[in-house]
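Dear colleague,

I am passing on the structure we spoke about, with the sequence alongside, and below it you will find my notes on what turned up when I went through it. Please read them with the structure open.

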Amino acid sequence: MAKKKRLPSLRFWLGANHLFWRFWPQILVFSALMNILIDGVVIGLRWLTAKLMVEFNVAYLSYTNIGEIIIDHPLMVVLLLLMLLLVLLLVYWQFTIFMLFVNELQHNQHPHFRQLMRQSAQRFRQLNGKTFLFLILFFILALPAVSLFFSTPLLSKVVIPNFILTFIEEHTLYAVLLVLFYLGGLWLGLRYLYVLPLLTLNRLSVQQARRQSWQLTRHRNWANFKRGLLATLLGGLIFAIINGLLYFLQVGLDQTQFAFAGAIVTMLGLEIASLMVASYSTIMLLLLMQPPVALAQPQIADTAKHRRFWRILTWTFLSGTVALLLAFNFGYLKGLLTSNPILISHRGVDAGNGVQNTIPALEKTAQKKPAFVEMDVQETKDGQFVVFHDPTLRQLAGRSEKPQQLTLAQLQKITVREHGYQAKIPSFDDYLASATKHHQPLLVELKVTSQDSPNFTKNFIQRYHQRLKENQSQIQSLDYQTVAQAKKLAPDLFVDYIMPYNFAFPETKLDGYAMEVTTLNSYFVDKAHDHQQLVYSWDVNDQATLNKMQLYGVDGIITDRYSEMKQILAKQKDQPHYASLINSFTDIAGSVWAD
């Protein structure tokens with residue numbers, strides 16, 4: 001009987017699996033040590049960025065003040081660009097050293113650290129201006145392809161915030177353009193898949209590597225995509241099976257007197273599995289990127305002494321890792337490492353119980369006693385203040401005008417509709433009066449536009465300072481100049497700055513920050529607490545995100561699902577269900593380790 005021929009994708013997966021399981025201790029240790037090294041560099045860059053901001057008296061970094069920084073502080077811009085250059089070089093170095101590492105494994109060699117460092121340093125001699133510009137373009141184009149199968153502490157920082165994704169989802173043209181970009185990037189990334197290994201292993205020039213990769217991948221894009229997809233799906237399936245088995249094991253243990261001890265061990269098993277899958281995915285991608293041509297042989301022969309060194313290093317590292325994980329698990333499961341954040345109702349609604357930013361919704365939500373009701377204030381044509389979020393009336397009222405184009409009296413006559421409810425647009429005076437009547441503090445977002453009067457902030461503070469203080473309300477805004485002025489005019493009010501993206505930790509004298517969850521991390525929260533500042537996160541609408549924010553130590557969460565989040569927090573506190581806690585941590589483990 002003829003031997004059954006295996007599919008190419010399956011052959012690739014079987015060969016890669018054989019290599020991984022043969023050298024998995026070395027792969028795990030090497031991946032962890034490289035990530036620790038890179039994280040150290042990232043921490044150093046964060047520290048240097050903070051020093052630059054202090055030195056140049058720049059309070060924050062954002063897309064809103066980049067023009068001002070370029071004009072007023074050109075030297076700072078140059079230094080920041082040099083730091084960005086360093087980050088890009090670090091990405092190139094990370095891929096280079098991993099390529100050399102895998103090449104040694106393929107030749108049955110235990111990796112030599114000093115030799116790998118020396119060889120990776122030598123590769124930088126190939127870099128010139130033209131080569132570096134191509135590599136920047138390559139990483140941009142290859143990111144959609146690479147991110148499907150592979151993640152690193154550096155690549156994990158390249159994310160699109162949720163609020164931008166929501167905007168894209170609501171605008172079909174942008175969604176189509178984003179899909180086309182990803183498809184085009186995926187195709188080009190696969191065509192240039194072999195550029196980096198040809199540069200690093202075969203010592204070709206970037207022009208030679210680019211041409212040879214284009215030739216070698218002709219008619220192979222679909223095959224390479226299937227290989228990567230199969231490896232990713234199978235790796236994910238294996239982890240899902242392990243996760244499921246351990247989860248149901250812990251569900252059973254939760255009914256016994258060994259629930260807590262069992263949870264510590266069960267969680268350890270999931271953490272080890274998570275680390276293994278991360279290393280597995282890395283190796284799969286690097287093997288996928290190996291071109292079908294002869295590769296350079298390692299220059300140093302393996303020896304018994306070197307293999308003994310690896311055994312000692314591996315078991316020392318694994319023992320230390322297990323000890324640290326057990327200590328972490330104890331603290332996490334006991335609730336010692338998580339915060340108990342206050343809950344803030346986003347736009348005054350709870351799971352769609354009314355129209356956002358309207359008094360009927362506020363009255364319903366206030367009965368549930370959130371710490372704050374977050375809401376939005378805009379200036380009207382006649383210099384009054386109205387409670388409204390959107391830049392136009394189109395979505396809620398079906399009209400094209402902006403709030404700044406109508407008087408308060410005109411706006412109050414308009415009916416807005418949402419979630420099957422309808423209500424009138426309220427003035428801020430009426431909204432604040434209702435909140436005060438129900439003893440409900442507000443988190444007031446001042447939404448600034450180019451059509452506002454020059455004295456928007458000054459007029460607002462003069463008119464409402466005392467009433468906001470009596471109601472124990474707080475102020476925030478996306479515009480830094482607005483919150484800085486508000487804090488100066490009303491130093492006894494709590495004022496925070498809303499940050500949609502975590503570029504760098506700001507150096508301000510404000511009381512806190514409200515950060516969109518996508519790029520918020522524990523480093524930012526720890527820095528804020530060091531400065532005696534609070535951190536609110538938005539929008540937190542599911543248990544996995546809530547648990548991640550608790551691990552980060554945030555002080556408050558802004559949510560559209562106040563009752564649901566309150567119930568989750570109460571259940572975790574009064575009746576800890578270890579299986580659920582472990583399952584939640586599994587959902588967020590990747591981002592937690594990356595931070």
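In this predicted model, strands S8 and S9 run parallel and are joined by four bridges, with Ala 514 of S9 serving as the bridge partner of Ile 498. On to strand S10 (residues 534-538), S9 is again parallel, this time through five bridges, and Glu 516 stands opposite Trp 538 of S10. Strand S9 itself, covering residues 512-516, is mostly covered, in that five of its five residues are buried. The burial holds for both faces, since Gly 512, Ala 514 and Glu 516 are buried on one side, and Tyr 513 and Met 515 are buried on the other.

Just where S10 ends, there is a point of backbone geometry that you may want to look at: the peptide bond from Trp 538 to Asp 539 is cis, with omega near -15°, and Asp 539 belongs to the loop between S10 and helix H20 (543-552). On the other side of S10, in the loop that comes between helix H19 (522-530) and that strand, Gln 532 has a positive phi, near 55°, although this residue is not a glycine. Gln 532 is exposed, because its relative accessible area is 69% and the cut-off is over 50%. Arg 347 likewise has a positive phi without being a glycine, with a value near 60°, and is found in the loop between strand S1 (342-345) and helix H13 (359-366). Arg 347, however, counts as buried, at 18% relative accessibility. As background to these entries, most residues other than glycine have a negative phi, and most peptide bonds are trans.

Arg 347 also has a polar partner, as the side chain of His 389 makes a polar contact with the side chain of Arg 347 at 3.0 Å. His 389 lies in the loop between strand S3 (385-387) and helix H14 (394-397), and, once residues up to four places away in sequence are set aside, His 389 touches Arg 347, Gln 356, Asn 357, Asp 376, Gln 378 and Lys 447.

Another residue with a polar side-chain partner is Lys 487, in helix H18 (residues 480-489). Lys 487 is buried, because its relative accessible area of 15% falls under the 20% cut-off, and a polar atom of its side chain lies 2.9 Å from the backbone oxygen of Pro 491. Beyond its neighbours within four places in sequence, Lys 487 is in contact with Leu 493, Val 495, Lys 509, Leu 510 and Asp 511.

Turning to the nonpolar cores, the largest has 55 residues, and the members that touch the most others are Phe 101 and Leu 196. Seven helices are named among its suppliers of at least two residues each, including helix H3 (74-106), helix H5 (129-149) and helix H11 (259-288), while H1 gives the most, with 14 residues. With neighbours within four places in sequence left aside, Phe 101 is in contact with Gln 26, Ile 27, Phe 30, Pro 111, Leu 116 and Ile 283. Apart from this core lies another, of 50 residues, with Val 495, Phe 505, Val 525 and Met 565 among them.

The aromatic rings form 26 pairs. One of these joins Phe 20 and Trp 21, whose ring centres are 5.0 Å apart and whose planes meet at 80°, so the pair is edge-to-face. Phe 20 is buried, with a relative accessible area of 2%, whereas Trp 21 counts as partly exposed at 49%. Tyr 60 and Tyr 497 make up another edge-to-face pair, at 5.2 Å from centre to centre and with 70° between the planes. Because Tyr 60 is in the loop between H1 and helix H2 (66-72) and Tyr 497 is in strand S8 (residues 494-499), this pair ties together parts that are 437 residues apart in sequence. Both Tyr 60 and Tyr 497 are buried. Elsewhere, ring pairs link Phe 385, Phe 428, Phe 456, Phe 460 and Tyr 464 into a cluster.

Finally, two charged side chains sit over rings: Arg 46 lies over the face of Tyr 523, at 4.4 Å from the ring centre, and Lys 334 lies over the face of Phe 260, at 4.6 Å from the ring centre.

With best regards

Terms used: Residues are numbered from 1 along each chain as its sequence is written. Side-chain values use heavy atoms; hydrogens and water are left out. Buried means under 20% relative accessible area, exposed over 50%, partly exposed in between (1.4 Å probe, protein chains only). A polar contact is a pair of N or O atoms within 3.5 Å; within protein, one must be able to donate a hydrogen and the other to accept it, and residues adjacent in sequence count only if both atoms are side-chain atoms. Contact means heavy atoms within 4.5 Å. A nonpolar core is a set of buried Ala, Val, Leu, Ile, Met, Phe, Trp, Tyr and Cys residues joined through side-chain atoms within 4.5 Å. Rings of Phe, Tyr and Trp (its six-membered ring) pair if their centres lie within 6.5 Å; planes under 30 degrees apart count as stacked, over 60 as edge-to-face and the rest as tilted. A charge sits over a ring if NZ of Lys or CZ of Arg is within 6 Å of the ring centre and within 35 degrees of the ring normal. Two strands pair if DSSP finds at least two bridges between them.
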